[in-house]
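Trainee: I have a structure open and I'd like to talk through its charged pairs, its surface and its pockets. Could you take me through it slowly?

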Amino acid sequence: ILAGQTDGWRSGRGPRHRVLVAAAILVVGVVGVEFLLRPFVRTEYIGPSATRYDPHYGRVMKPGHAAPFVSEGRTYEVSVNSLGFRGPEAAAGARGAILFFGDSSTFGVAVDDEAVFPELVRRALADRFGEGAVPVFNTAMLGSGQGRWLRLLRRDADRFEPRIVVMQVGATDFDANRREGRYEMDDGGELREV
């Protein structure tokens, strides 16, 4: 097909013909590259966006969001409570909470709501002490660093009067911290908010 088209290109057919040929080549090329790369490039997340922009935190979970996600070929359910954290609704005025901070591991990528480890802790505490006796909040965000944690602890953690704060740290946090750029070291070696 293209061999026949190149003669027309050289023979000076109109600009409309040239644009159509160029568009056809582009489409065939993009589709071809897609099929060639698909076996080698992992698709991270497919589904409706569970996040929105926030001027203080950057990305935050959409309160009330509930939808299936696809990650690594597996479909799983993600529910976000009215506070913007993954998990069930908390009792009004929840005090003495356990706050979980982290990224995809704590968030529970590729597992349903009931299999996320902060939820397993919440259910074990509810079985032992009664529902809502020890509130548990999974504040984790996919792909986030510790800058988000510091902002949440400084601004919002007091309303939960946390009894325990659990922080999951991983090797990807350094890249996330650099990418987010929320804090930096000043010349005196002190951490300062950007």
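**Salt bridges, surface and pockets**

Mentor: Let us begin with one charged pair: Arg95 forms a salt bridge with Glu161, and their closest N and O atoms are 3.5 Å apart. Please keep in mind throughout that this is a predicted model.

Trainee: Where do Arg95 and Glu161 sit along the chain?

Mentor: The pair links distant parts of the chain, with Arg95 in the loop between β4 and β5, and Glu161 in the loop between α5 and β7 (164–167), 66 residues apart.

Trainee: And is Arg95 buried or exposed?

Mentor: Arg95 falls in between, because its relative accessible area of 41% makes it partly exposed. Glu161 counts as partly exposed too, at 48% relative accessibility.

Trainee: How many salt bridges does a search of the whole structure find?

Mentor: The search finds 11 salt bridges. Among them is the one between Arg86 and Asp113, where the closest N and O atoms are 2.8 Å apart. This pair also links distant parts of the chain, since Arg86 is in the loop between β4 (74–79) and β5 (98–101), while Asp113 is in the loop between α3 (104–107) and α4, 27 residues apart. Both Arg86 and Asp113 are buried.

Trainee: Why do side chains pair like that at all?

Mentor: As a general point, side chains of opposite charge can pair when their charged atoms come close.

Trainee: What about Arg123, which side chain does it meet in a salt bridge?

Mentor: The side chain of Arg123 meets that of Glu119, with 3.9 Å from N to O. These two residues are separated by about one helical turn, because they are 4 residues apart in helix α4. Arg123 is partly exposed, with a relative accessible area of 33%, whereas Glu119 is buried, with a relative accessible area of 12%. Salt bridges that share partners also join Glu119, Arg122, Arg123 and Glu131 into one network.

Trainee: Changing topic, which residues make the nonpolar surface patch?

Mentor: Val27, Val31 and Phe35 make that patch, which has an area of about 300 Å². Phe35 lies in helix α2, which covers residues 15–37, and Phe35 counts as exposed because its relative accessibility is 57%, where exposed means over 50%.

Trainee: Now the pockets: what volume does the largest pocket have?

Mentor: The largest pocket has a volume of about 200 Å³. It is lined by 14 residues, and those nearest its centre are Tyr57, Val60, Leu83, Phe85 and Asp156. The elements that give two or more residues to this lining are β1 (51–54), β2 (58–61) and α5 (146–155), and of these α5 gives the most, with 3 residues.

Trainee: How do the residues of that lining divide into nonpolar, polar and charged?

Mentor: The lining of the largest pocket has 7 nonpolar, 1 polar and 6 charged residues.

Trainee: Which residues lie nearest the centre of the second largest pocket?

Mentor: They are Glu89, Ala90, Arg122, Glu131 and Gly132, out of a lining of 13 residues. Two elements give two or more residues to this lining, namely α4 (117–129) and β6 (136–138). The second largest pocket has a volume of about 160 Å³, and its lining divides into 9 nonpolar, 1 polar and 3 charged residues.

Trainee: So do we meet Arg122 and Glu131 again from the network? What joined them there?

Mentor: Yes, Arg122 and Glu131 are among the residues nearest the centre of this pocket, and salt bridges that share partners join both of them into the network with Glu119 and Arg123.

Key:
Residues are numbered from 1 along each chain as its sequence is written. This is a predicted model: local features need pLDDT of at least 70, side-chain atom pairs count only at pLDDT 80 or more; totals for chains, interfaces and linings use all residues. Side-chain values use heavy atoms; hydrogens and water are left out. On a 1 Å grid over the protein atoms alone, a cavity is a set of points where a 1.4 Å probe fits but cannot get out, and a pocket is an open set with protein on both sides within 12 Å along at least five of seven lines; lining residues have an atom within 4 Å of a point. Grid points are joined across faces, edges and corners, and a volume is the space filled by probe spheres set on the points. Ala, Val, Leu, Ile, Met, Phe, Trp, Tyr, Cys and Pro count as nonpolar, Asp, Glu, Lys and Arg as charged, and the others, Gly among them, as polar. Patches are made of residues with over 30% relative accessible area and no salt bridge: like charges are joined within 9 Å, nonpolar side chains (Val, Leu, Ile, Met, Phe, Trp, Tyr) within 5 Å. Accessible areas come from the Shrake-Rupley method with a 1.4 Å probe; for residues, only the protein chains shown count as cover. A salt bridge is a side-chain nitrogen of Lys or Arg within 4 Å of a carboxyl oxygen of Asp or Glu. Buried means under 20% relative accessible area, exposed over 50%, partly exposed in between (1.4 Å probe, protein chains only).
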